[in-house]
Structures are given as C-alpha cells and as structure tokens.
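Here's a walk through the packing in this one, ring pairs and all. Have the model open and follow along.

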Amino acid sequence: MILGLQNLESQPEQLRMSKPNNFDSQTTFCVLCGRTDDCPEKYGEKKTFGECNLTVHYYCLLMSSGIWQRGEEDEGVDGFLITDIRKEVNRAAKLKCNICKKKGASIGCVAPKCKRSYHFPCGIKRECIFQFMEDFRSYCWEHKPVQTFMDKESTGASQCTICLDLVEHLPAYTVLKSPCCKSAWFHRECLQYQALSAGIFFFRCTVCNNKDKFQKEMLRMGIYIPERDASWELEENAYQDLLQCYQHCDIRRCLCKKGRDYNEPDSKWEIKRCQCCGSRGTHLACSSLKSWEQNWECIECRSILAKSGKYSRKKKRALATSEETDGTTCLMEEPSPKTPRQSSGSQRNFLLQSPKIMYQNNLSPCSHLEHPASNRVTMSLSPLMSNRKWSLRQKHVREQRREVCNILKELKVQVNTKTTRLNINADDIWNSALKGFRQRNFSPTNTIEINFTNCKNRSKTDTSAASKHHFFQLLMLHLQNSSLFEGSSAKNLSLDFQAVKENLYFEAGKMIAVSLVHGGPSPGFFSKTLFDCLVYGPENVKPALEDVADVDVAQTIKMIKYANSLSSLQSTIHDCYEFLAAAGCFRPITALCDKNMLVNDILIHHVIKRIISPLESFRQGLKTLGILEKMQMHPDAFSSILCHKPERLSAETICDLFSIHSSSDVNKVKGADFWMGYLQDVESGESVVTFEDILLFVTGSSSIPSIGFDPEPTIKFLRIRYPIGNRLLNCLELPITNTYQQFKNKMELTIRNTLRVESE
C-alpha cells in the first residue's frame with residue numbers, strides 16, 4: 001500500500017479503527033471534497049466509516065497537504081487515523097478552493113510562493129497534476145510539469161496503442177507520449193485505465209515493453225499505478241484452462257480397446273502429444289513409438305514441416321530420442337574443424353590420444369560408469385582425477401556439508417506454495433531487501449519470487465530460482481562488507497548504535513536464515529568466536545587477539561600481553577588508563593603474570609560484552625525457520641558453511657553434481673567420455689570456459705547452494721547441434737558428436753557466446 005507524505009510516530013491518544021468489516025461504499029459525500037461521486041478510476045475508492053459518520057475518497061486523502069499516514073495499513077482508513085482525518089477536515093474548512101470558490105480545499109500547490117488550494121476533483125477538472133509517488137506532490141495548472149516535444153513531434157497524429165483511436169501530437173494534458181518510444185502516443189485516460197488494470201508489476205510501454213523508464217515518466221505526469229498485482233492475476237482460477245492437457249488419440253485406427261481417451265502412463269497406452277502443436281495425440285502403440293521420449297508430429301504439422309523442408313532433415317535423425325528445444329542454437333554457428341574421417345574404433349578410443357587421460361587398451365569406454373538399478377547413470381572420476389590427495393580436514397568438511405544439505409532440506413518442508421514477490425534494485429540491494437523483508441505480507445514460509453526492478457542487468461533466460469539465488473548472493477556479499485560486521489576474512493559483530501536502534505542485526509540474522517532454507521548461498525565469513533557465541537552462548541566463549549578488528553585496541557592488548565617486566569607493564573597500564581576505565585577492566589597488578597588475566601578481561605569486554613545487544617538481536621533473527629536451533633544441535637555441520645567459504649569448484653565436484661540419464665545407445669556412452677575429458681580440460685586450464693561458467697549456463701548460479709539444487713542437475717545426450725542449458729530443470733542437454741574436438745568446440749562456443757549475450 002502506498003505510504004503518505006512522511007511517517008510520524010503514533011501518539012497514545014490517537015483513535016485506531018480497523019477497516020475490514022467497518023468500511024463500505026455509500027452515496028454520502030466525501031468530507032474532503034464534498035462530492036458524492038463514487039468513481040474509483042478518478043477519485044479512488046470511496047469508503048464510509050459508519051460509526052463515525054465519515055466518508056472519504058482515497059485519492060482526496062492521499063493528496064491532502066496536512067495529513068500523513070501515521071498508522072498501520074489496518075488502522076483507520078488505510079493507515080490514516082480517524083482523528084487525523086478530522087483535523088485535516090477542520091484545517092481545510094478554512095481554505096477556499098481557487099477553482100470552485102468553495103471552502104474545504106485540502107490540497108495545495110507545492111511550487112514555491114504559490115498559494116493556490118483546491119479540491120482533488122476540481123484539480124482534475126482544471127488539469128492539475130498529482131504525483132502518486134515519494135512525497136505525493138500536487139501542482140496547479142500554472143506550475144505543473146510538462147513533457148518536452150520536438151518540433152517534428154508536435155505535428156500530425158497516430159494511433160493510441162491502447163484504444164486504437166487517433167491521438168493528436170499536441171502538448172496537451174489529455175495526451176501523453178512514451179519516454180522510451182518516439183512513435184508511441186497515448187490518451188491520458190487510456191493510460192490511467194491501463195495502469196489500474198495492470199498494477200505496478202505489469203504496467204509498461206505497450207510498444208517496447210520498457211517498464212522502469214516508462215513508469216517513472218507516467219508517475220511524474222500524474223498517472224496513479226497501484227502497488228498490487230494485475231487484475232487478471234487476481235481472478236480466481238483464471239488460468240484453469242491452461243492446466244488441462246490434451247489426452248485423446250487422433251490416429252485413424254486406434255488400437256486401444258479401452259477407447260481413444262484412455263491414458264495409462266509408463267505403458268504402450270500412454271498418450272503422446274504432437275511436439276509441434278500439442279493439440280493432437282496418439283497412443284504410443286498406435287504410432288509404433290517405443291518410448292515417450294521419441295518425437296511425434298501429427299499429420300497437419302508433418303505436412304507443414306514437409307513444405308518448409310524441415311521434415312526431411314528430421315527424417316535423417318531417426319535416432320533422436322527426445323524433443324529438441326531451441327534455447328541457444330539461434331545464437332551460434334557451428335564451427336567446421338577440418339578433421340579426417342575416423343572409424344568407429346578411432347572415435348571410441350579418442351581418450352587414448354589425449355596426454356591427460358590414459359586408458360589401457362583392454363578397457364571399454366564405459367569402464368568408469370556405474371550402472372545402478374535405476375534408469376540413471378552416476379558418473380565417477382577417472383583414475384587420474386580420483387588420485388588427487390584431499391586432506392582429512394577437507395574430507396571432513398565435505399561430509400559436514402552433506403549433513404547440512406539434508407538438514408536444510410528438512411527445514412524447507414515449512415515453505416508453502418504461497419508466493420511473496422520482492423521488488424529488488426540490485427544497485428541498492430540492502431535497502432530494497434530490507435523493505436521487502438519488512439513488508440506486511442512477507443513471511444519466511446512463503447515461496448519467494450524476485451523481481452529485479454533494474455531488469456536490464458538480468459538475463460531474459462533467468463528462471464525464478466536463478467534470480468532468487470542471485471539476489472541472496474548479492475545480499476550475503478553486502479552483509480559481509482557492511483558496518484554490521486568487523487574483521488578481515490573471519491568476521492565478528494561490530495557495535496553500530498544506529499543499526500541497533502533500527503533493529504538491523506535482527507534483520508541480518510533473518511536474511512541469512514531465509515537464504516539458507518530458500519536455496520541461497522551461506523555467509524561463509526563467521527569467525528569461530530562469533531559462531532561459538534551463537535551456538536554455546538557468549539558466557540562460554542574465550543575470544544582471541546585475532547578477533548579484535550580495531551587496530552588501536554589490538555596494539556594496546558599486544559603491549560600488555562608482551563610486556564617483559566612489571567615496570568613496563570605498569571607503565572603501559574598507566575598510558576591506557578582511560579581505555580581501561582571505560583572498559584571496566586581495572587584489576588590490581590602485583591606480578592607480571594597478572595597481565596594474562598587483564599588481557600583476557602579486555603578481550604571479553606571488547607569482543608563479547610560490548611556487542612551483547614547486537615548479538616542477542618542477531619540470534620533472534622537466526623531463529624527464523626529453526627536455523628539457530630539446528631545450529632545448536634549440529635554445530636560441526638553448520639560451522640562448515642558459516643565459517644568456511646564454499647570449496648573451489650573442481651572436475652570432481654561437477655562430476656558428482658551432475659547425473660547422466662542412462663541409455664543403451666553407444667554414442668551416448670561415448671558422449672559421457674567426451675564430457676569427462678572436457679571437465680579435465682577445464683580443470684587443467686586448457687579451456688576458455690570455467691566450471692563457474694558451466695554451472696551458470698545450466699542453473700543460472702555460479703556456485704552450489706548449501707541446500708543443493710532443486711531439481712538436481714542432470715545431463716542428457718541428444719541429437720542436437722549445440723549444448724542447451726535448461727535452467728528450469730537444471731538440465732544440460734549435450735550434442736552427440738563424432739570426435740572429442742567437435743564436442744569441445746561446441747561446448748566452448750555455446751557457453752561463451754550465451755553468457756556474453758546475457759551479460760550484454
């Protein structure tokens with residue numbers, strides 16, 4: 001809900017009313033403008049509070065100069081308290097409208113030295129401008145903002161792209177031009193109706209689809225854009241028809257005895273829809289299809305493909321086992337490496353030619369594949385790759401991170417299907433995230449959907465999961481470098497009085513907890529001292545000198561700690577008398593060994609006692625979704641993600657992450673060898689692509705979240721020209737090639753060009 005001009009603290013004596021059951025539309029007059037009109041499109045919703053005999057238009061209330069939204073949204077009239085409304089009515093009763101000459105003019109022009117006042121309906125009639133944004137300014141007919149017109153633009157006429165009627169290119173109040181398209185002109189009335197219907201999430205230029213620049217200009221010119229979803233999104237079961245799948249066999253001679261509408265999944269009587277139109281179907285048995293993955297086109301689509309010349313090419317690909325998706329192939333052109341024709345034997349033994357991977361001649365190309373009972377193949381590393389020596393500590397961290405992954409998946413059960421959309425400005429990540437987390441409809445248990453308002457920085461191919469991971473990644477990076485924490489790499493909480501006052505430590509803990517459960521990255525920058533304070537309590541933690549980020553304090557502690565005589569120790573204490581007095585760390589020093597207790601007192605004060613209030617607030621935030629409780633139950637596991645950065649991606653990590661759909665096709669097993677060889681090329685630096693690029697190409701994320709990917713990343717080998725990263729399914733679709741060099745060229749060309757186009 002839009003806020004008023006500014007926020008003031010509520011007073012105890014203010015009358016607070018709840019609106020849900022008390023407000024209704026009436027034919028009584030508005031206490032601010034004196035009109036009985038009930039026209040929500042022009043004046044906003046008219047509401048009547050029966051017990052107080054008070055009726056008001058919403059826009060009249062928003063634009064009144066002497067009233068602010070001091071209550072919550074469910075108090076008074078959308079946050080405007082009843083007592084404040086009455087005070088505004090009394091104030092306006094003394095002012096005469098410069099248009100209708102009647103009393104009650106509650107709106108004034110904000111231009112300097114302009115003393116004009118008017119009612120909202122009178123201002124609309126006189127073509128005043130009301131800006132429904134920021135501090136809700138209003139401008140009279142003389143000082144209102146105007147759009148700039150070029151000489152060539154001020155002549156002629158064009159079609160309004162909303163109503164399709166002619167609109168003259170005139171610098172008039174009733175005509176508005178698009179700031180992003182020179183040829184787009186609109187009627188003001190058409191734009192206002194469009195904005196009311198589309199809402200802030202869907203209101204954009206009807207020609208170029210620009211949102212940010214278009215909305216900013218329309219708000220400046222007085223178009224009201226409600227902060228709600230589009231009207232068509234709010235209709236119950238509006239998309240019910242889209243959930244119905246076509247299930248009918250249209251083959252001339254249907255072989256199913258149970259009828260054309262019978263559909264039995266995972267059998268020969270499962271109905272397969274046309275891959276082109278989706279509006280025709282066949283039983284697998286009726287068209288001699290061996291599996292669901294085999295392509296099938298209906299007669300109509302087959303004839304169209306034949307006329308276009310595309311169907312003959314598909315005939316040559318009779319071995320294709322899955323529908324082709326045209327995700328990135330349009331951006332690429334296949335390289336044509338001039339390699340000699342090879343026999344099937346030479347193709348199969350390509351790895352023998354590589355100096356990096358050595359196989360014995362008696363090994364089959366699939367000797368490193370494990371075939372479980374399920375229909376999927378799990379990759380394992382080649383002998384050389386698995387020979388890498390990992391330390392016991394690294395292996396322990398891996399085991400702990402797998403445990404955390406399972407714990408977070410258990411916590412994710414709390415998340416429901418109700419969606420909360422957060423509008424995020426990536427250039428102001430903290431303030432926009434804070435606003436989103438503090439909005440009334442936000443709940444940690446709701447599914448979070450991220451809408452980047454500066455969407456030009458985001459790829460059109462990004463999925464909801466990719467956008468969400470990018471948001472949490474930016475948020476964790478901001479927290480790491482914020483004033484809430486101090487230290488170099490391993491960070492402790494700092495003491496920021498303003499942050500304590502605004503309860504920002506609680507919000508930071510809450511954001512970290514939500515990031516972990518909703519698939520975002522872990523912080524990875526907690527110091528062991530901070531982690532132990534959260535898990536075991538500050539009274540059970542002994543800080544170290546490394547926890548002191550303040551250079552002056554650290555120097556003072558070092559001087560005391562390394563004093564080599566009683567006289568030098570007493571001299572040092574005398575020099576830092578004021579510091580010790582402020583810290584409350586005075587104790588009698590009678591021997592040199594007393595310095596150890598004094599150092600311990602200073603460390604406890606500076607690292608723990610000084611930030612006890614932020615620490616408690618931070619702990620409360622981490623209780624969100626049960627994260628703190630799990631941290632206390634599994635400290636070693638959570639320490640692996642909160643106190644350590646994610647491990648560097650390697651061929652082994654990527655190999656374990658992706659699982660390959662099994663197949664009896666020899667070419668696909670050979671393709672698995674190509675995939676393994678390519679991973680080793682990437683790891684050895686013989687490829688222009690990195691592991692982060694591969695992960696970003698497939699999932700939209702350059703790192704592996706602590707909770708893992710959902711769904712788990714998979715690989716399919718298809719008869720396609722170029723690799724395709726299906727971010728919706730986290731599936732990497734790879735082409736079947738004859739040689740390894742062809743496979744490598746296609747991988748590097750596709751991934752590099754795709755990521756470059758996205759970044760541009």
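## Aromatic pairs

Tyrosine 224 has a relative accessible area of 8%, so it counts as buried. Keep in mind that this is a predicted model. Phenylalanine 132 is buried too, at 6% relative accessibility. The total for the model is 22 aromatic pairs, and these two residues make one of them: phenylalanine 132 and tyrosine 224 sit edge-to-face, 4.9 Å centre to centre with 65° between the planes. They come from distant parts of the chain, 92 residues apart. Phenylalanine 132 is in the loop between strands E6 and E7, while tyrosine 224 is in the loop between helices H6 and H7. Both belong to a cluster linked by ring pairs, which also includes Tyr43, Tyr58 and Trp141.

Another pair worth a look is tyrosine 678 with phenylalanine 743: the planes are at 80° and the centres 6.3 Å apart, so this one is edge-to-face as well. Here tyrosine 678 belongs to helix H26 and phenylalanine 743 to helix H28, 65 residues apart. Both residues are buried.

## The cores and H16

The largest nonpolar core has 76 residues, and Phe471, Phe526, Phe618 and Met631 have the most contacts inside it. Helix H16 (residues 504-517) gives the largest share, 9 residues. A second, separate core of 36 residues includes Tyr58, Ile82, Cys109 and Ala111. Back with phenylalanine 526, its contacts beyond four places in sequence include Phe485, Ile512, Phe618 and Leu642.

As for H16, 13 of its 14 residues are buried. Does its length fit, and what should the helix span? At 1.5 Å a residue, 20 Å is expected, and the end C-alpha atoms are 20 Å apart, so the two agree. Just after H16, glycine 519 takes a positive phi of about 90°.

## A β-α-β unit

Strand E16 (residues 419-424) has two faces: Thr420, Leu422 and Ile424 are on the covered one, whereas Thr419, Arg421 and Asn423 are on the uncovered one. That fits the general pattern, since side chains in a regular strand alternate between the two faces of the sheet.

E16 runs parallel to strand E17 (residues 447-452), joined by 6 bridges, and arginine 421 stands opposite glutamate 449 in E17. Put helix H13 (residues 429-438) together with E16 and E17 and you get a right-handed β-α-β unit.

## A buried loop threonine

Threonine 739 is in the loop between strand E23 and helix H28. With a relative accessible area of 11%, threonine 739 is buried. Its C-alpha is 9.3 Å from that of glycine 671, which is 68 residues away in sequence.

Notes. Residues numbered from 1 in each chain as written. Predicted model: local features only at pLDDT ≥ 70, side-chain atom pairs only at ≥ 80, totals over all residues. Heavy atoms only, no water. Core = buried A, V, L, I, M, F, W, Y, C linked by side-chain atoms within 4.5 Å. Buried < 20%, exposed > 50% of the residue type's maximum accessible area, 1.4 Å probe, protein only. Helix = DSSP H or I, 4+ residues; strand = E, 2+ residues; numbered from the N terminus. Contact = heavy atoms within 4.5 Å. Expected span 1.5 Å × (residues − 1). Pairing = 2+ DSSP bridges. Right-handed = clockwise from strand over helix to strand, strands pointing away. Phe/Tyr/Trp six-rings, centres within 6.5 Å; stacked < 30°, edge-to-face > 60°.
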